[in-house]
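Here is a short set of exercises to work through with the model open beside you. Try each task before reading the solution under it.

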Amino acid sequence: MIDYRAHLTALAACEKTLGTLPLSDPGLAAKRDEQLDQLKGERASAVLGALADHLLAHAASDGSELSLLTRAADLWRQGLDLYAVVGASRADIESALLDPAAPGAADKFNDGVAQFRQQAPIVQQAGEAIEALRADVMRLAHIPEHPRQADRDIPSRGWGDIFLARRTDAMVRMSYRAAGNAADRAFAFGLLSGYGANACGSAYRARSSAVRAACTASATALPAMPSAAGSQPLTPACPALRPSPS
C-alpha cells in the first residue's frame with residue numbers, strides 16, 4: 001500500500017520538477033508545456049501509467065493484496081460516512097445550545113444527541129474491523145518472496161517482476177513513440193515517473209538516480225520521443241536509468 005502512495009508521490013514530483021525546469025530552447029519549452037497540459041487534462045491516464053507495474057503484478061497475483069485493499073477502502077468509506085453523520089449531529093446540538101429559545105431547539109438537541117448515540121455500535125464494529133485488517137496486513141502474507149531471491153528463472157516469474165526487470169527503459173520510450181493523443185502521452189509520462197520511482201526505490205534494481213534525474217532526462221529528450229527507431233535514448237542525461245545489460 002505504501003508503494004502505491006510512493007508512485008503517486010513520484011508522479012507529482014516529476015510533474016512539479018518538469019514544470020519548474022529552466023529551458024532556454026523555446027521549442028523544448030513549448031513541448032514541456034504541452035506535456036504539462038496533457039497531464040492536467042488526462043490525470044487518470046497518468047496515474048494508470050504510474051501504477052502500471054502494480055497492474056501487471058496483480059494480473060498474475062492470488063488476489064490477497066487486492067482483498068486487503070478492498071477492505072481498507074470499505075473501511076475508509078465507512079469512516080467518511082460516520083464523519084458526516086457525527087458532523088451533522090454536532091451541528092444540531094451546537095445550534096440548539098447557541099439559541100435554546102428558538103422554535104424546535106429542544107427537539108433538534110434531542111435528535112442530535114440520539115443520532116450521536118446511535119453511532120456507538122457502528123464505531124465499535126469499525127474499530128474491530130480496523131484491528132482485524134491491521135493484524136492481517138502485519139502478517140505480510142500478501143508479499144511473496146521475490147523470484148530473484150529464490151533464484152527463479154525469468155519464465156517462471158510473474159508479469160510484474162518481468163516488467164520491472166527487463167527493458168523498462170525501452171517500454172517507456174516505445175510508449176512515447178506510440179502515443180497518438182493526450183491520454184497516451186499522459187500515460188507515457190506516468191510510466192516514466194513510475195520507472196524513476198522504481199529505479200531509486202526498488203531493492204532489486206541496481207540504480208542510484210533520483211526521481212528528479214528521471215524527470216530532467218524526460219524533459220531533455222522530449223523532442224526525440226515521437227521519432228522513429230534510431231532516435232536518441234529517452235534518458236541520455238541519466239546513465240542510471242538506462243537498460244540493464246541483462
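Read along the sequence, the pattern is α-α-α-α-α-α-α-α-α-α-α. Keep in mind that this is a predicted model.

**Exercise 1. Work out the secondary structure content and how much of the protein is buried.**

Solution.
- Step 1: Count the elements. There are eleven helices and zero strands.
- Step 2: Turn to burial. A residue counts as buried when its relative accessible area is under 20%. By that cut-off, 33% of the 246 residues are buried.
- Step 3: Look at the sequence range of the contacts. Taking contacts between residues at least 6 apart in sequence, 67% join residues at least 24 apart.

**Exercise 2. Find the residues that touch the most other members of the largest nonpolar core, and say which helices supply it.**

Solution.
- Step 1: Pick out the best-connected members. The core has 17 residues, and those touching the most other members are Leu-11, Leu-39, Ala-46, Val-172, Tyr-176, Phe-189 and Leu-191.
- Step 2: Assign the core to helices. At least two of its residues come from each of helix 1, helix 2 (26–41), helix 3, helix 9 (168–178) and helix 10.
- Step 3: Look for the main contributor. Helix 10 gives the most, with six residues.

**Exercise 3. Ser-193 lies in helix 10. Decide whether Ser-193 is buried or exposed, and list its contacts beyond its sequence neighbours.**

Solution.
- Step 1: Check accessibility. Ser-193 has a relative accessible area of 1%, so this residue is buried.
- Step 2: Set aside neighbours within four places in sequence. Ser-193 then contacts Ala-10, Leu-11, Cys-14 and Ala-50.
- Step 3: Link this to the previous exercise. Leu-11, one of these partners, is also among the core residues that touch the most other members.

**Exercise 4. Which residues of helix 4 are buried, and which helices do they pack against?**

Solution.
- Step 1: Go through helix 4, residues 52–59. The buried residues are Ala-52, Asp-53, His-54 and His-58.
- Step 2: Trace their partners. These buried residues pack against helix 1 (2–20), helix 3 (43–50), helix 5 (64–98), helix 8 (159–165) and helix 10 (182–201).

**Exercise 5. Three of the salt bridges are Arg-71 with Asp-136, Arg-77 with Asp-74 and Arg-173 with Asp-169. Work out where the partners of each pair sit in the sequence.**

Solution.
- Step 1: Start with the total and the principle. The structure holds six salt bridges. Side chains of opposite charge can pair when their charged atoms come close.
- Step 2: Take Arg-71 and Asp-136. Their closest N and O atoms are 2.8 Å apart. Arg-71 is in helix 5 and Asp-136 in helix 7 (residues 120–138), so the pair ties together parts that are 65 residues apart in sequence. Arg-71 is partly exposed at 29% relative accessible area, and Asp-136 is partly exposed at 26%.
- Step 3: Take Arg-77 and Asp-74. Here the closest N and O atoms are 2.4 Å apart. The two residues are three apart in helix 5, so about one helical turn separates them. Arg-77 is partly exposed at 46%, and Asp-74 is partly exposed at 33%.
- Step 4: Take Arg-173 and Asp-169. The N to O distance is 2.7 Å. These residues are four apart in helix 9, again about one helical turn. Asp-169 is buried, with a relative accessible area of 2%.
- Step 5: Apply the helix geometry. An α-helix has 3.6 residues a turn, so residues three or four places apart point the same way.

**Exercise 6. Describe how helix 6 (residues 105–118) and helix 7 pack.**

Solution.
- Step 1: Read the geometry. The angle is about 25 degrees and the axes are 4 Å apart.
- Step 2: Classify the angle. Angles under 35 degrees count as roughly parallel, and helix 6 and helix 7 are therefore roughly parallel to each other.
- Step 3: Name the residues in contact. Helix 6 contributes Phe-116, Arg-117 and Gln-118, while helix 7 contributes Ala-120, Pro-121 and Ile-122.
- Step 4: Sort them by class. The contact has four nonpolar, one polar and one charged residues.

**Exercise 7. Examine Leu-140 and Arg-148 in the loop between helix 7 and helix 8.**

Solution.
- Step 1: Check the backbone of Leu-140. Its phi is positive, about 60 degrees, although the residue is not a glycine. Leu-140 is partly exposed, with a relative accessible area of 47%.
- Step 2: Move to Arg-148. This residue is partly exposed at 37% relative accessibility. Arg-148 and Asp-161 are 13 residues apart in sequence, and their C-alpha atoms are 9.1 Å apart in space.

Definitions and conventions: Residues numbered from 1 in each chain as written. Predicted model: local features only at pLDDT ≥ 70, side-chain atom pairs only at ≥ 80, totals over all residues. Heavy atoms only, no water. Buried < 20%, exposed > 50% of the residue type's maximum accessible area, 1.4 Å probe, protein only. Contact = heavy atoms within 4.5 Å. Core = buried A, V, L, I, M, F, W, Y, C linked by side-chain atoms within 4.5 Å. Salt bridge = Lys/Arg side-chain N within 4 Å of Asp/Glu carboxyl O. Axes fitted to C-alpha atoms, helices over the stretch in contact; angles between N-to-C directions. Parallel < 35°, antiparallel > 145°, perpendicular 65-115°, else oblique. Nonpolar A, V, L, I, M, F, W, Y, C, P; charged D, E, K, R; others polar.
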